[in-house]
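Have the model open in a viewer and set side chains to be shown on selection. The stops below go from one selection to the next.

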Amino acid sequence: MADIKDPENTIILTLKDGEVVIELLTDIAPKHCERMKVLAREKAYDNVAFHRVIDGFMAQTGDVENGNMEKDFNLRRAGTGGSSYDDLPAEFSRIPHDRGTLGAARSANPNSANSQFFINFTDNHFLNGQYTVYGRVISGMAHVDKITRGEPPATPDRMITVRVAADVL
């Protein structure tokens, strides 16, 4: 596993192929980072599907309302919900959407991000300044690369567990 410098601001995402370690960028997007930690601590992200996975682009997940594959899961609804919390204001920065960065998924409204996020498979600089970047994969990107593709995938992969490193180390 990666050398974790700040366990309170590190996420461990367990996928079918192994652990993905994500460093949260709290100085860049504090509200988005805090939301991810709250939902991880509530175990809200556990068993949530990757509902939109585009080869050469990104893998999207995080619909805690409709994406839990263990609780009334309907693949057609996955990706349409958020959490019980209010939407977040955009926290745009100069951090580029490079391979392995975490971006906040949202609707056309820049201030509509909630619980959904995506991990970039490649550098997607056309997203720069339009979507909040709030984390980066520091270990396990090879596991992200193995997520089943599709919009939606016929048999989607899921986040098995999502934890704040400080709570499990």
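Begin with E8, which counts as partly exposed because its relative accessibility is 30%. This is a predicted model. Now add K37: at 6% relative accessibility, K37 counts as buried. The side chains of E8 and K37 meet in a salt bridge, with N to O at 3.4 Å. E8 lies in the segment before strand 1 and K37 in helix 1, so this pair ties together parts 29 residues apart in sequence. Extend the selection to E34, R41 and D167, which are linked with E8 and K37 in a network of salt bridges. The structure holds 12 salt bridges, and two others make up the next stops.

Select D157 and K16. Their side chains form a salt bridge at 3.1 Å, N to O. D157 sits in the loop between helix 2 and strand 9 (158–159), while K16 is in the loop between strand 1 and strand 2; the two are 141 residues apart. Colour by accessibility here: D157 counts as buried because its relative accessibility is 11%, whereas K16, with a relative accessible area of 48%, is partly exposed.

Go on to R163 and D46. The closest N and O atoms of this salt bridge are 2.8 Å apart. R163 belongs to strand 10 and D46 to the loop between helix 1 and strand 3 (48–49), so the pair ties together parts 117 residues apart in sequence. Are R163 and D46 buried or exposed? Both R163 and D46 are buried.

Next, turn to the nonpolar interior. The largest nonpolar core has 32 residues, and F117, Y134 and M159 are those with the most contacts inside it. Among the elements that give two or more residues to this core are strand 1 (10–15), strand 2 (18–24), strand 7 (117–120), strand 8 (133–139) and helix 2 (141–145). Which element gives the most to this core? Helix 1 does, with 4 residues. A second, separate core has 6 residues; select I54, A105, F118 and L127, which it includes.

Then select the aromatic rings. A search of the whole structure finds 3 aromatic pairs. In one of them, the rings of Y45 and F117 have their centres 5.6 Å apart and their planes at 90°, so the pair is edge-to-face. Y45 lies in the loop between helix 1 and strand 3 and F117 in strand 7, so this contact ties together parts 72 residues apart in sequence. Y45 counts as buried at 1% relative accessibility, and F117 counts as buried at 0%.

Another pair is F118 with Y131: the ring centres are 6.1 Å apart and the planes stand at 80°, so this pair too is edge-to-face. F118 is in strand 7 and Y131 in the loop between strand 7 and strand 8, 13 residues apart. F118, at 5% relative accessibility, counts as buried, whereas Y131 is partly exposed, with a relative accessible area of 23%.

Keep Y131 selected and add R106. The charged end of R106 sits over the ring of Y131, 4.2 Å from its centre.

For the last stop, select R149 and F121. Here the charged end of R149 sits over the ring of F121, 4.0 Å from the ring centre.

Definitions and conventions: Residues are numbered from 1 along each chain as its sequence is written. This is a predicted model: local features need pLDDT of at least 70, side-chain atom pairs count only at pLDDT 80 or more; totals for chains, interfaces and linings use all residues. Side-chain values use heavy atoms; hydrogens and water are left out. A nonpolar core is a set of buried Ala, Val, Leu, Ile, Met, Phe, Trp, Tyr and Cys residues joined through side-chain atoms within 4.5 Å. Buried means under 20% relative accessible area, exposed over 50%, partly exposed in between (1.4 Å probe, protein chains only). A salt bridge is a side-chain nitrogen of Lys or Arg within 4 Å of a carboxyl oxygen of Asp or Glu. Rings of Phe, Tyr and Trp (its six-membered ring) pair if their centres lie within 6.5 Å; planes under 30 degrees apart count as stacked, over 60 as edge-to-face and the rest as tilted. A charge sits over a ring if NZ of Lys or CZ of Arg is within 6 Å of the ring centre and within 35 degrees of the ring normal.
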